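Let's take a friendly walk through this model together. Have the sequence and the 3D view at hand as you read.

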Amino acid sequence: MKARLDIKKFEVVLGYVISSVISIVVSLVISAGVLLAQGTDPISAFTYLFQGAFGDIGGFSASLVSATPLMLAGLGIAFAFRAGIFNIGAEGQLYLGAMLATWVATLPLGLPKVVHLPLALLAGMAAGAFWAFIPSYLKVAKGFNEVITTILMNYIGVYFVNYSVHGFLQEPGGYLPQSAPIVETARLPKLVANTELHAGLLVGLVGAVVLYILLQKTDFGYQLRCVGSNPEAARTSGMNAKLTLIIAMLVSGAFAGLAGTAEILGYQNLLLENFSPNTGYDAIAVALLGRLNPMGVVLAAIFFGALRNGANIMQIMTGVPVTIVYIIQAVIILSVLGFSTCKIKLGFLLERGNKVALHSVKNVNRA
């Protein structure tokens, strides 16, 4: 029985990997066609894209810096999706998290770093969780569609944060739309000298491990996956589906808020107007490409971060507009959705292989 489960699990993972790789290859082929239509050599463009992303320690570090907020927000979105609730509001939650974290991190509290930095991180998580709680409550209590409410709240959140750097959060005595610099005791430490790579990456990696254990190894994770797969069956079996959805959105919003917080405390070190446009939306693509698996989300975030970073070098060297990267991302999303049935077909293809493998296991056990 255990051998059958292991083979089934291997089959599912292999199906995810193959369909994700196919999605990336298809998107690159289509993007190559767009580049050819523009009169640009796609091989040269992709070479510069790769060199910009991974060519040296500076480029690789910059790719990881770009990947960090995508990773954190993508983890939150994937967690909510696993519960069957579609959190499209990571953009607003990210901005609200960054705003409250900036407020805490710019206060001259005189606290040591071991207190001030965690306090700022928790403030960012709390703000993101609060912004996610509103649509989740409207969904379970009033039946509102969370897709619509989260999208609308994105606009409110982003514009409110932009207003804050023109008003109560603006640098004292300044005239630019930006906050005061983050005080040293609230900044995330750098991981590599002479680069911008900061400890937010470690926060994302630890968060991925925590979410994986929570989803796969705990009773709550089992309940959450049941609610996401079949809410009616979960309710019939006595599970509190509404409470599960709210908790899932709180965790999702906390991770999105942490994404904005890490971007401010680790990289930008002050809050600007429109400081990280579309990161929350790009994180949806990251979650989908990662197949809603925390470990898959980490890899997908690094891939998207590399695309973002490498696109700058590609543009400088070939003149190709950065928008080609957005085309790649859009095609990846469509490919992921289109190839989502690959795992099913792969199951049929591997069925015969499974029987052979199980037969071999039985023979070994008998021996």
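## Starting at Ser63

Is Ser63 buried or exposed? Ser63 is buried, with a relative accessible area of 0%. Before going further, please keep in mind that this is a predicted model. Ser63 sits in helix 3, which covers residues 57-82.

What does the side chain of Ser63 meet in a polar contact? The partner is the side chain of Asn309, at 3.2 Å. Asn309 also appears among the residues that Ser63 touches, together with Ala53, Gly305 and Ala306, once residues up to four places away in sequence are set aside.

## The chain as a whole

Stepping back, the protein chain holds 14 helices and 0 strands. Read from the N terminus, its elements run α-α-α-α-α-α-α-α-α-α-α-α-α-α. The chain has 367 residues, and 47% of them are buried.

How much of the contact count comes from residues 24 or more positions apart? Among contacts with a separation of 6 or more, such residues account for 75%. The pairing of Ser63 in helix 3 with the side chain of Asn309 is one you can look up in the view.

## Helix 4 against helix 5

Two packed helices are described by the angle between their axes and the distance between the axes. Helix 4 (residues 90-105) and helix 5 (residues 113-142) pack at about 145 degrees, and their axes are 7 Å apart. Their crossing is right-handed. On the helix 4 side, the contact is made by Gly92, Gln93, Leu96, Gly97, Leu100, Ala101, Val104 and Ala105. Helix 5 brings His116, Leu119, Ala120, Ala123, Gly124, Ala127, Gly128, Trp131 and Ala132.

What is the make-up of this contact? The residues divide into 11 nonpolar, 6 polar and no charged. Because glycine is counted as polar here, Gly92, Gly97, Gly124 and Gly128, which are all named in the contact, fall in the polar group.

## Met99 on helix 4

Met99 also belongs to helix 4. Met99 is buried, at a relative accessible area of 9%. Leaving out residues up to four places away in sequence, Met99 touches Phe160, Val161, Ser164, Phe168, Leu169 and Leu271.

How far apart are Met99 and Val161 in sequence and in space? They are 62 residues apart in sequence, with 6.3 Å from C-alpha to C-alpha.

## Aromatic pairs

A pair of aromatic rings is described by the distance of the centres and the angle of the planes. The count of aromatic pairs in this model is 9. One of them joins Phe54 and Phe60, a tilted pair with 5.8 Å centre to centre and 40 degrees between the planes. Phe54 is partly exposed, with a relative accessible area of 34%, and Phe60 is partly exposed too, at 32%. Ring pairs link Phe50, Phe54 and Phe60 into a cluster.

Why is the pair of Phe130 and Trp131 tilted? Their planes stand at 50 degrees, with the ring centres 6.4 Å apart, so the pair is tilted, because an angle that is neither under 30 nor over 60 degrees gets that label. Trp131 is buried, at a relative accessible area of 13%, and Trp131 is also among the helix 5 residues that make the contact with helix 4.

## Loop residues worth a look

Most residues other than glycine have a negative phi, and most peptide bonds are trans. Asn274 has a positive phi, near 50 degrees. Asn274 lies in the loop between helix 10 (241-268) and helix 11 (279-289), and is partly exposed at 41% relative accessible area. Arg291 has a positive phi as well, of about 60 degrees. The place of Arg291 is in the loop between helix 11 and helix 12 (294-318), and Arg291 is buried, with a relative accessible area of 15%.

Finally, visit Thr195, in the loop between helix 6 (146-164) and helix 7 (200-217). At 13% relative accessibility, Thr195 counts as buried. A polar atom of the Thr195 side chain lies 3.4 Å from the backbone nitrogen of Leu197. Beyond residues up to four places away in sequence, Thr195 touches Ser61 and Lys190.

Notes:
Residues are numbered from 1 along each chain as its sequence is written. This is a predicted model: local features need pLDDT of at least 70, side-chain atom pairs count only at pLDDT 80 or more; totals for chains, interfaces and linings use all residues. Side-chain values use heavy atoms; hydrogens and water are left out. Axes are lines fitted to C-alpha atoms, for helices over the stretch in contact, and angles run from 0 to 180 degrees between N-to-C directions. Helices (H or I, at least four residues) and strands (E, at least two) are DSSP runs, numbered from the N terminus. A crossing is left-handed if the near helix is turned anticlockwise from the far one by less than a right angle, and right-handed if clockwise. Contact means heavy atoms within 4.5 Å. Rings of Phe, Tyr and Trp (its six-membered ring) pair if their centres lie within 6.5 Å; planes under 30 degrees apart count as stacked, over 60 as edge-to-face and the rest as tilted. Buried means under 20% relative accessible area, exposed over 50%, partly exposed in between (1.4 Å probe, protein chains only). A polar contact is a pair of N or O atoms within 3.5 Å; within protein, one must be able to donate a hydrogen and the other to accept it, and residues adjacent in sequence count only if both atoms are side-chain atoms.
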